[in-house]
Amino acid sequence: MTETVRKTLNLEMNKSFYNKADCLIEAKKIVDSQEITGMTVHQIAEEIYTHAFVFFNFHFLPAKVRETALARRIFNSAANGVDLEDNGDTLKRRICYSLIWAFC
């Protein structure tokens, strides 16, 4: 039996990721190089942008919200860079990425 190894990639957080056009350029590079497979350019761009959106806007949340365990967990995930893996994230997260891309 052959075991399939899922590729992963961590992109260090970058201010340019807060720009959708730059996210699309970065995502195209990733798809073209086949560093990550099973995701479209747009899906990768959405995930990159959402991580940057959370990272660069977290400080705007009220202190009481920032101090919650859930908010800290979300921020720490974004602060650690953008973790991509073959075939993408969970469906719930992908829906969030699409919503943030569309409305923010």
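How many salt bridges does a search of the whole structure find? The search finds three. The model on screen is predicted, and this tour visits each bridge before turning to the largest pocket.

**Stop 1: Arg 6 and Glu 85**

Select Arg 6 and Glu 85 and show their side chains, which meet in a salt bridge with an N to O distance of 3.6 Å. Colour the chain by position, and the pair can be seen to link distant parts of it, 79 residues apart. Arg 6 belongs to the segment before strand 1 (8-11), while Glu 85 sits in strand 2. With a surface displayed, Arg 6 is partly exposed, because its relative accessibility is 41%. Glu 85 is also partly exposed, at 31% relative accessible area.

**Stop 2: Lys 28 and Asp 32**

Next, select helix 1 (residues 20-33), which holds both Asp 32 and Lys 28. The two residues are four apart, about one turn of the helix. Their side chains form a salt bridge, N to O 2.8 Å. Asp 32 counts as exposed because its relative accessible area, 52%, is over the 50% cut-off. Lys 28, at 42%, is partly exposed.

**Stop 3: Asp 89 and Arg 93**

Now select Asp 89 and Arg 93. Their closest N and O atoms are 3.8 Å apart, and the pair forms a salt bridge. Is Asp 89 buried or exposed? Asp 89 has a relative accessible area of 17%, under the 20% cut-off, and is therefore buried. Its partner Arg 93 is partly exposed, at 43%.

**Stop 4: the largest pocket**

Leave the salt bridges and bring up the largest pocket, which contains about 610 Å³ of space. Which elements give two or more residues to its lining? They are helix 2 (41-57), helix 4 (69-79), strand 2 (82-85) and helix 5 (91-103). Colour these four stretches separately to follow the wall of the pocket.

To centre the view, select Thr 50, Val 54, Ile 74, Ser 77 and Tyr 97, which lie nearest the centre of the pocket among its 22 lining residues. Then colour the lining by residue class: 11 residues are nonpolar, five are polar and six are charged.

**Back to strand 2**

For a last view, keep strand 2 (82-85) selected. This strand gives two or more residues to the lining of the largest pocket, and Glu 85, the partner of Arg 6 from the opening stop, is in strand 2 as well.

How values were computed
Residues numbered from 1 in each chain as written. Predicted model: local features only at pLDDT ≥ 70, side-chain atom pairs only at ≥ 80, totals over all residues. Heavy atoms only, no water. 1 Å grid on protein atoms, 1.4 Å probe; cavity = no way out; pocket = protein on both sides within 12 Å on 5 of 7 lines; lining within 4 Å. Points joined across faces, edges and corners; volume = space filled by probe spheres on them. Nonpolar A, V, L, I, M, F, W, Y, C, P; charged D, E, K, R; others polar. Salt bridge = Lys/Arg side-chain N within 4 Å of Asp/Glu carboxyl O. Buried < 20%, exposed > 50% of the residue type's maximum accessible area, 1.4 Å probe, protein only.
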